[in-house]
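Trainee: I would like to go through this model and ask what stands behind each label. Please set the values against the definitions.

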Amino acid sequence: MNQTKTLSEPSDFAGIRDWVFDLDNTLYPHHVDLFAQIDKNMTAYVSTLLQMEREDARKLQKQYYLEHGTTLQGLMIHHGIDPNDFLEKAHAIDYSALTPQPELAAAIKALPGRKFIFTNGSVKHAQATAGALGILDGFDDIFDIVAADYVPKPAGSTYDKFMSLHRVDTKKAVMFEDLPRNLTVPKALGMKTVLLVPQNLETTIVEWWERTTGEDDHIDYVTDDLAAFLKALV
């Protein structure tokens, strides 16, 4: 069984040259709850599209999320929607809850090698989010749902597209994520894996599929403070 660690050790990451970060609830803490705005927008989109009551729309939204990785993918498969229209409306949110994080920015810049954002969201959303956090210029590129041909993580083909595009040596790479299931493929590919969890996990409302279990052997590290975790490495 994999022994999950909570503290980062520089020696464990000495050979890492590619640092891959999910966006939402990873580059900013879960309690900021920026995604709640996106979630509300997606529910409204489904409700309007299918002329459903909000509660029914939310149930279908979550069903598509669980079955297809994103609500968008489910809507594309079952209803043939325009993905760009969906992304524009889903990400029409207020980013003021995010504030500059100079310690995180410095820690990311200090990492040796390349840094990427790998998100099931859009480039525009990633740029707005990372920009508000003051960390955007620390990244070499953003790989979004459009680059993935709208096939979201955790699909293996999407990781393959990302790795191939950037010629990532998975034995010298690490992935940071807030969803355990999105770390299964990276671990199988030989990457180190780090799970971001909410601070005060037991007092934070977390969807059941976001919780870890005792069988998460694909998770090498768990942390609730990304900046501190990265600072310890450099």
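Mentor: Buried means under 20% relative accessible area, exposed means over 50%, and partly exposed is what falls in between (1.4 Å probe, protein chains only). The model is a predicted one: local features need pLDDT of at least 70 and side-chain atom pairs count only at pLDDT 80 or more, while totals for chains, interfaces and linings use all residues. Residues are numbered from 1 along each chain as its sequence is written, and side-chain values use heavy atoms, with hydrogens and water left out.

Trainee: Why is lysine 161 called partly exposed?

Mentor: Its relative accessibility is 28%, and partly exposed covers what lies between buried, under 20%, and exposed, over 50%. Lysine 161 therefore counts as partly exposed. The residue lies in helix α7, and α7 spans 156–166. Helices here are DSSP runs (H or I, at least four residues) and strands are runs of E (at least two), numbered from the N terminus.

Trainee: What is lysine 161 in contact with, leaving aside its neighbours within four places in sequence?

Mentor: Phe143, Ala147, Ala148 and Asp149, where contact means heavy atoms within 4.5 Å. Aspartate 149 is twelve residues from lysine 161 in sequence, and their C-alpha atoms are 9.3 Å apart.

Trainee: Is alanine 44 buried or partly exposed?

Mentor: Its relative accessible area is 40%, so alanine 44 is partly exposed. Alanine 44 is in helix α1. Leucine 196 is 152 residues away from alanine 44 in sequence and 28 Å away in space, C-alpha to C-alpha.

Trainee: What makes tyrosine 28 buried?

Mentor: A relative accessible area of 1%, set against the limit for buried. Tyrosine 28 sits in the loop between β1 (18–21) and α1. Apart from neighbours within four places in sequence, tyrosine 28 touches Leu23, Leu34, Phe35, Leu98, Thr129 and Leu133. The C-alpha atom of leucine 226, 198 residues apart from tyrosine 28 along the chain, is separated from that of tyrosine 28 by 8.3 Å.

Trainee: Which values single out asparagine 25 and tyrosine 150?

Mentor: Phi of asparagine 25 is near 65°, a positive value in a residue other than glycine. Asparagine 25 is in the loop between β1 and α1 and, at 10% relative accessibility, counts as buried. For tyrosine 150, phi is near 65°, again positive in a residue other than glycine. Tyrosine 150 is in the loop between β3 and α7, and its relative accessible area of 14% makes it buried. Proline 154 is in the loop between β3 (141–143) and α7, and the peptide bond leading to proline 154 from lysine 153 is cis, with omega near 15°.

Trainee: How do you know that α1 and α3 are roughly parallel?

Mentor: Helix α1 (residues 35–50) and helix α3 (residues 71–79) pack at about 15°, their axes 11 Å apart. Angles under 35 degrees count as roughly parallel, over 145 as roughly antiparallel, 65 to 115 as roughly perpendicular and the rest as oblique. The pair is therefore roughly parallel. Axes are lines fitted to C-alpha atoms, for helices over the stretch in contact, and angles run from 0 to 180 degrees between N-to-C directions.

Trainee: Which residues make that contact?

Mentor: Met42, Tyr45, Val46, Leu49 and Leu50 of α1, with Thr71, Leu75 and His79 of α3. They divide into six nonpolar, two polar and no charged. Nonpolar here means Ala, Val, Leu, Ile, Met, Phe, Trp, Tyr, Cys and Pro, charged means Asp, Glu, Lys and Arg, and the others, Gly among them, are polar.

Trainee: Why are α2 and α3 called roughly perpendicular?

Mentor: Helix α2 (residues 54–68) and α3 pack at about 95°, with axes 7 Å apart. That angle is in the range of 65 to 115, so the two are roughly perpendicular. Gln61, Tyr64, Tyr65 and His68 of α2 meet residues of α3, including Thr71, Gln73 and Gly74. This contact has four nonpolar, seven polar and no charged residues.

Trainee: And what makes α1 oblique to α4?

Mentor: The axes of α1 and helix α4 (residues 83–90) come within 8 Å and cross at roughly 135°. That angle belongs to none of the other classes, so α1 is oblique to α4. Ile38, Asn41, Met42 and Tyr45 in α1 meet Asp85, Phe86, Lys89 and Ala90 in α4.
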